[in-house]
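The following exercises are to be worked through with the model at hand. Each task is followed by a solution in steps.

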Amino acid sequence: MSDDYLVRIGKLIRDARQHRGWTQAQLAEALGTSQSAVNRIERGNQNISLEMIARIGEALDSEIVSLGYAGPMHLRVVGGRRLSGAIDVKTSKNACVALLCASLLNKGRTVLRRVARIEEVYRLLEVLNSIGVRTRWINDGVDLEIVPPAELEMDAIDAEAAVRTRSIIMFLGPLLHRMDAFKLPYAGGCDLGTRTIEPHMIALRRFGLDVAATEGHYHARVDRSVRPDRPIVLTERGDTVTENALLAAARHDGVTVIRNASSNYMVQDLCFFLEALGVRVEGIGTTTLTVHGVPDIDVDVDYSPSEDPVEAMSLLAAAVVTESELTVRRVPIEFLEIELAVLEEMGLDHDRSPEYCADNGRTRLVDLTVRPSKLEAPIDKIHPMPFPGLNIDNVPFFAAIAASAQGKTLIHDWVYDNRAIYLTDLNRLGGRLQLLDPHRVLVEGPTRWRAAEMMCPPALRPAVVVLLAMMAAEGTSVLRNVYVINRGYEDLAERLNSIGAQIEIFRDI
């Protein structure tokens, strides 16, 4: 068997094991072999028989483990079905990836509760494991334990996993405190046009970080004599930019003031986590953060990230587009209030429960019940703004909602270069969307959705919007190569099926 096939089979086995929530030792015990042998198999460093492949597949209850390349995942959607019942919102994808990066600040054991089991998290875990961080799923695969090594092995970093996630850029803030020089692969993620890292650099240079980009890597050097001697003013009120500045400030021996900071949900979760590490953060929820850094962090910490407002918006949009009555539970209402205000003006019929507290003890949650509604296009355009405005990631869902409303809606997605273009994929499903320029699209409704077969857009939220439209379209649709959806949603097809959708996962033979 060729080395190439051994590596590919090893990766399939590793992914299946992680999906099951098993450690290498647990798989080894089920197979009657050693953990070191499983490690060699997963790295592609050991010949493996067809019999062993079959045994591994049986142990992991996974058809993924098979000889050869399984191919991309597709969805077959039987549309025109009403949703019903109730569904819980999962923990925040963006908070979880920030907290994984933040775990590098801590020398002690970090436990994150109810971590999103998504491809973005898996890619970051692969990167962390490759540099020596020990991670394992505990409590039946629900929670994640992270234990860092005394020294990180940056030369062994898994570049293939790193380039598939933009979150790798948030390693810069923690790593500048751990080593004087290091390199990271270029950040990847969704195809959303040019996304410069210069705002990150402007903030991190104040901590002595200098980065040169050559040959597919960021080459970083740290000058320990440079310290932030005045407030850091971010040139972009971005979420990851603010998080990187917070991660750098957390272990700076002194007080750092960050102005024009994002106060979005994932930033607040990161601040709450830093406080659990012993770092005092003043101004949480505002655009000025004052961080009292702790140069050495060595604590055992247990933290529960809050629920994902963008997933909540996805589920609300699913109910609206399919004209269903649905209860969405554990909605972080603070981060959806503007969206709901817009939907109320459009005519959405809904109820909300009294507020209660998330597991992190800070975030406010409600349960929302949405009913079929006769919607009218809003008078004003739909456009994102930094929190507390309409969330940037929720804008695409209004394309499907507006297509279900009477009248014309202007959507202005000014943040990303390409995303409005991807929304016009809804036209293949019967939508009437006119692209005015790379950032503006005019949506006319109501829409008589029709089934179609198409490739998944290469951006996460537009991809989910297309899936929702397929759920509303009479007939059978096919959405091909849905890896980008798996980057941000855990078991989305299965969960939608639990409330009445009919979505089949398949691969080409």
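**Exercise 1: The setting of a glycine**

Gly-430 has a relative accessible area of 13% and is therefore buried. The model is a predicted one.

Task: Determine where Gly-430 is found and which residues Gly-430 is in contact with, leaving aside its neighbours within four places in sequence.

Solution.
1. Gly-430 belongs to the loop between α15 (419-423) and β19.
2. With neighbours within four places in sequence left aside, the contacts of Gly-430 are Thr-447, Arg-448 and Arg-450.
3. As a distance to check, the C-alpha atoms of Gly-430 and Glu-325 are separated by 23 Å, the two residues being 105 apart along the chain.

**Exercise 2: Disulfides**

Task: State how many disulfides the structure holds, and explain why the sulfur of Cys-96 and that of Cys-357 form no such bond.

Solution.
1. The cut-off for a disulfide is a sulfur-to-sulfur separation within 2.5 Å.
2. For Cys-96, the closest cysteine sulfur is that of Cys-101, and because it lies 11 Å away, it is too far for a bond.
3. For Cys-357, the closest cysteine sulfur belongs to Cys-271, at 16 Å, which is likewise too far for a bond.
4. The count for the structure is 0 disulfides.
5. As to their surroundings, Cys-96 is buried at 2% relative accessibility, whereas Cys-357 is partly exposed at 44%.

**Exercise 3: Helix α6**

Task: Compare the reach of helix α6 with its expected value, and establish how many of its residues are buried.

Solution.
1. Helix α6 spans residues 119-130 and has 12 residues.
2. From its first C-alpha to its last, α6 reaches 16 Å, close to the 16 Å expected at 1.5 Å a residue.
3. Of the 12 residues of α6, 11 are buried, and the helix is mostly covered.
4. The buried residues include the charged-side-chain positions Glu-119, Glu-120, Arg-123 and Glu-126, and among them are also Val-121, Leu-124, Leu-125 and Leu-128.
5. After α6 comes Gly-132, with a positive phi near 105 degrees.

**Exercise 4: Salt bridges within the chain**

Task: Give the number of salt bridges in the whole structure, then examine which parts of the chain are linked by the pair Glu-490 and Lys-90.

Solution.
1. The search of the whole structure yields 34 salt bridges.
2. Glu-490 and Lys-90 form one through their side chains, at 3.8 Å from N to O.
3. This pair links distant parts of the chain, 400 residues apart: Glu-490 lies in the loop between α17 (483-488) and α18 (492-497), and Lys-90 in the loop between β2 (86-88) and α5 (93-102).
4. Glu-490 is buried, at 12% relative accessible area, while Lys-90 is partly exposed, at 29%.

Task: Identify the strands that are tied together by the pair Arg-371 and Asp-349 and by the pair Arg-432 and Glu-444.

Solution.
1. The side chains of Arg-371 and Asp-349 meet in a salt bridge of 3.1 Å, N to O.
2. Because Arg-371 lies in strand β17 (residues 364-371) and Asp-349 in strand β15 (residues 349-352), this pair ties together parts 22 residues apart in sequence.
3. Asp-349 is partly exposed, at 33% relative accessibility.
4. A salt bridge of 3.5 Å, N to O, joins the side chains of Arg-432 and Glu-444.
5. Arg-432 is in strand β19 (residues 432-437) and Glu-444 in strand β20 (residues 440-445), so parts 12 residues apart in sequence are tied together.
6. Arg-432 is partly exposed at 38%, and Glu-444 is partly exposed at 30%.
7. Through shared partners, salt bridges also join Arg-14, Glu-119, Arg-123 and Glu-126 into one network.

**Exercise 5: The interface of two domains**

Task: Describe the contact of domain 2 and domain 3: how many residues does it take from each, and what area do they bury between them?

Solution.
1. The chain is divided into domain 1 (2-60), domain 2 (73-90 + 307-507) and domain 3 (93-303).
2. Taken over C-alpha atoms, the centres of domain 2 and domain 3 are 29 Å apart.
3. Their contact takes 32 residues from domain 2 and 28 residues from domain 3.
4. The two domains bury about 2400 Å² between them, of which 48% is on carbon and sulfur atoms.
5. Across this interface, 4 salt bridges are found.
6. Glu-307 and Arg-114 form a salt bridge, with their closest N and O atoms 3.2 Å apart.

Conventions: Residues are numbered from 1 along each chain as its sequence is written. This is a predicted model: local features need pLDDT of at least 70, side-chain atom pairs count only at pLDDT 80 or more; totals for chains, interfaces and linings use all residues. Side-chain values use heavy atoms; hydrogens and water are left out. Buried means under 20% relative accessible area, exposed over 50%, partly exposed in between (1.4 Å probe, protein chains only). Helices (H or I, at least four residues) and strands (E, at least two) are DSSP runs, numbered from the N terminus. The expected span of a helix is 1.5 Å times one less than its number of residues. Domain bounds come from an automatic or database domain assignment. Contact means heavy atoms within 4.5 Å. Buried area is the accessible area (1.4 Å probe) that two parts lose on being put together, summed over both.
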